[in-house]
Amino acid sequence: MKEQSWITLQDWNVYASWGAALLLVIVLWWLAKQKVGFGLRVLLAMAFGLTLGAIFGPASADISILGSIYVSLIKMVVMPLVFATIITSITSVKDPNVLKKLGTKTIALFLITTAIAAVIGLGTALVIDPGSGIAQSTEAAQSFEQREIPTFKQVLLDLVPSNPVNEMAQGKVVPVIIFAAFIAVAITLEGLRNPDRVQPMRAFFQSFSHIMFRVTKFVIKLTPYGVLGLMTAMSAKYGLSTLKELAWFIIAVYVACLIHMIVTFGSLVTFGARVNPIRFFKKAYPTMAVAFTTRSSYATLPVNLEVITKRMKVSERIASFVAPLGATINMNGCGGIYPAIVAVFIARVYGIDLNIADYLLIIGAATIASVGVAGVPGPASISTTVVLVQAGLPLEGFALVLGVDAIVDMARTAVNATGTTVASLLVGKSEGEFDREAFNRDADDDIEYGHDTSVDKGAVTV
């Protein structure tokens, strides 16, 4: 007798989840055809994904392939985009002193805002006290694998490009930026002696950067579908049981990130750039939405470049210099807020009393580590490990919060990316390359439509 094969309930759930996902993809495609704003579609995709994952649970986990494809495409464009924009940006600066000034302003802003973020994270943790009532988990402590802290010598060696092609393949952004800077400076200096000799190379990189912006636009259009896949997978993986024990820790991170956004960034754009903060956050919304949902500063970089030039009306030269650098070393959330909160949390769980000296040490270590581990994968984990070691806190306690890392990573990445947007606006304003009149217009260019950033009427051409 021939055996009958039956489709299990689990199989039905898988098929049903894919059917629902396909329907939601069609809905998102239809909204794009109706010219619904990019930021709103990303937000809807996030809501769709969370709902889908909550309804179907593990059966919907494979829908993450949509997010994986999107992330792979982002990785495809990031390296050539960074390489081209850095060279184009630096070669557009005729005076080396101006380049030095740009670098100093940018890095100083990143360090100052990261230090402020650490103070806010520390204060928020002390007020909310997220570690109160949580017993030390022996099982979690035993399963924790300590991340290796690179020595200062190794950090320096990792920053120096030895094989640029190999480092591009490995996704090491900092060495690629340094290599691009060497080429750009050489083009600039050689151009002072013989302009005709370097003109073909200037033209090549300018053309290449425009082409990469066009390729980036293609990939950006896929963001809502990628977000749908990423959020579905996360919702399917993390249940309410994971969130209950660490609810106050999650709340502390989100509250600190919100305070930093409103108070620090709001004050900087209000008093530094002298623009309406509400208008700024409205214009920066696509950057925040993509950073929040993708949890990657590199994935957000193409969108942020468009936001800075098309919506913030900062020149392409400033955007091309600040944004790639910010995606690498600007870690207000990962390097400032998060390590400070984790330190207070672990100290409370293990019953360790911290004093003023410890707090200052945490702030200083968080600020320095945010730059020192720029070229290391998993910067939030490394920065936090460095801070815990410097503060003399047990590393095993870090295992207690790793279960909700993806959830808090959304908030801290949004802070990182928004901080880069703020820095670009401030540097652009200080250099006279910010079109205030265009910024203050009510109409905003949707980042998917319109013409290239390089010829956008709102951007100041230098």
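**Helix 13 against helix 19**

User: Are helix 13 and helix 19 parallel, perpendicular or oblique to each other?
Analyst: Helix 13 and helix 19 are oblique to each other (not under 35 degrees, over 145 or from 65 to 115). This is a predicted model, where local features need pLDDT of at least 70, side-chain atom pairs count only at pLDDT 80 or more, and totals for chains, interfaces and linings use all residues. Residues are numbered from 1 along each chain as its sequence is written, and side-chain values use heavy atoms, leaving out hydrogens and water.

User: What's the angle, and how far apart are the axes?
Analyst: Helix 13 (residues 277-294) packs on helix 19 (residues 405-430) at about 140°, and their axes are 8 Å apart. Helices are DSSP runs (H or I, at least four residues), numbered from the N terminus; axes are lines fitted to C-alpha atoms over the stretch in contact, with angles from 0 to 180 degrees between N-to-C directions.

User: Which residues meet there?
Analyst: From helix 13, Phe-280, Phe-281, Ala-284, Thr-287, Met-288, Ala-291 and Phe-292 take part. Their partners in helix 19 include Met-410, Ala-414, Thr-421 and Leu-425. Contact means heavy atoms within 4.5 Å.

User: New topic: is Thr-124 buried or exposed?
Analyst: Thr-124 counts as buried, because its relative accessibility is 6% (buried is under 20% relative accessible area, 1.4 Å probe, protein chains only). Thr-124 sits in helix 4 (residues 96-128).

User: And what does Thr-124 touch?
Analyst: Beyond neighbours within four places in sequence, Thr-124 contacts Asp-129, Ala-252, Val-255, Ala-256 and Ile-259.

User: What about Phe-249?
Analyst: With the same neighbours within four places left aside, Phe-249 contacts Pro-130, Tyr-338, Ile-341, Val-342, Phe-345, Val-401, Val-404 and Val-408.

Key. Helices (H or I, at least four residues) and strands (E, at least two) are DSSP runs, numbered from the N terminus. Buried means under 20% relative accessible area, exposed over 50%, partly exposed in between (1.4 Å probe, protein chains only).
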